[in-house]
Amino acid sequence: EDWNLVGLPANVVDSSLPAVYPEGTEGTLYSYDGAYVEEDALISEEGYWLHFSNAGSTTITGLPITNLIVNLTAGWNLISGISTSVSIDNIDDPSGIVIAGTIYGFEGSYEEANSIEPGKGYWINASADGDITISSGGAAKTRSVDRTVKANKLSFNGNDLYFGVSIPEEEMLSYQLPPKPPIGAFDVRFADNMKVSETQGT
């Protein structure tokens, strides 16, 4: 119920909103291109905001997507994945453009993602334009250090903000939150769209 980040997890004959997510609220399918853009159909690799009046599930039938080349632009991008779950450690990023720690899903509030799940949408922050590949056979890579481990924490509806810790300037983008969700969805953040502050700032 309420706002969800969704995607198209299969190659379907009809990708219009009523065919893919018939329970979705008409007029609430939004992609992102520097601002939210209303859409009437979904395409693979793109992620979308979609409002539902009630909780539930839907079955999407189509040919499986096993490999997806996703074109990213510098800054925040809304993407979706393939027909199977893929660990974020297995995303192929040959140019190293994905900023560590900036892949987010939305489950009532933003939460850092460990995997890209079929049918869901995700925010991803890129340092430059380029392509990444999401596939079922990607090679794992190591993760960056989480500087919030020893920080003080404020929790709001399971959404955590951190303060009282110093972050190296070159790593600050790893602690930036995605663009604000549509009006009515829960969101909490520090100034400058951050989830961490050196002090108890606003």
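Ala, Val, Leu, Ile, Met, Phe, Trp, Tyr, Cys and Pro count as nonpolar here, Asp, Glu, Lys and Arg as charged, and the others, Gly among them, as polar. Keep that in mind for the pocket view below. One more thing before the views: this is a predicted model.

**View 1. The whole chain holds 1 helix and 17 strands.** Start with the overall picture. Laid along its principal axes, the box filled by the C-alpha atoms is roughly 50 × 40 × 25 Å. The radius of gyration is 17 Å, which agrees with the value near 17 Å that a compact globule of 202 residues would have. Of those 202 residues, 42% are buried. As for contacts in the chain between residues at least 6 apart in sequence, 71% of them join residues at least 24 apart.

**View 2. The second largest pocket encloses about 400 Å³ of space.** Its lining is made up of 18 residues, and the closest to the centre are Asn4, Tyr21, Phe52, Gly56 and Ser57. Which strand gives the most to this lining? That would be β1 (residues 2–7), with 3 residues. Sorted by the classes from the top of the page, the lining has 7 nonpolar, 7 polar and 4 charged residues.

**View 3. Three strands make an open sheet, in the order β15-β16-β17.** The pairing in this sheet is mixed. At the edges stand β15 (152–156) and β17 (196–197), and each has a single partner strand, so one side of each is left without a neighbour in the sheet. How much of β16 is covered? Most of the strand, as 4 of its 5 residues are buried.

**View 4. A hairpin joins β15 to β16, with 2 residues between the strands.** One residue to pick out in the turn is Asn157, which has a positive phi of about 50 degrees. The two strands pair in the antiparallel sense over 5 bridges. To follow the pairing by eye, try Phe156, whose bridge partner in β16 is Asn159. Then move on to Asn152, whose bridge partner in β16 is Phe163.

**View 5. On to the pairing of β16 with β17, which runs in the parallel sense.** Strand β16 covers residues 159–163, and 2 bridges link it to β17. Phe163 turns up again here: its bridge partner in β17 is Ser197. While you are looking at these strands, here is a handy rule: in a regular strand, side chains alternate between the two faces of the sheet.

**View 6. Asp192 sits in the loop between β16 and β17.** Its phi is positive, about 65 degrees, although Asp192 is not a glycine. Is Asp192 buried or exposed? Its relative accessibility is 66%, and exposed means over 50%, so Asp192 counts as exposed.

**View 7. Glu45 is another residue with a positive phi, near 80 degrees.** Like Asp192, Glu45 is a residue other than glycine. You'll find Glu45 in the loop between β4 (36–38) and β5 (47–52). Is Glu45 buried or exposed? Its relative accessibility is 18%, and the cut-off for buried is under 20%, so Glu45 counts as buried.

Definitions and conventions
Residues are numbered from 1 along each chain as its sequence is written. This is a predicted model: local features need pLDDT of at least 70, side-chain atom pairs count only at pLDDT 80 or more; totals for chains, interfaces and linings use all residues. Side-chain values use heavy atoms; hydrogens and water are left out. Two strands pair if DSSP finds at least two bridges between them. On a 1 Å grid over the protein atoms alone, a cavity is a set of points where a 1.4 Å probe fits but cannot get out, and a pocket is an open set with protein on both sides within 12 Å along at least five of seven lines; lining residues have an atom within 4 Å of a point. Grid points are joined across faces, edges and corners, and a volume is the space filled by probe spheres set on the points. Buried means under 20% relative accessible area, exposed over 50%, partly exposed in between (1.4 Å probe, protein chains only). The radius of gyration is taken over C-alpha atoms; the globule rule is 2.2 Å times the number of residues to the power 0.38. Contact means heavy atoms within 4.5 Å.
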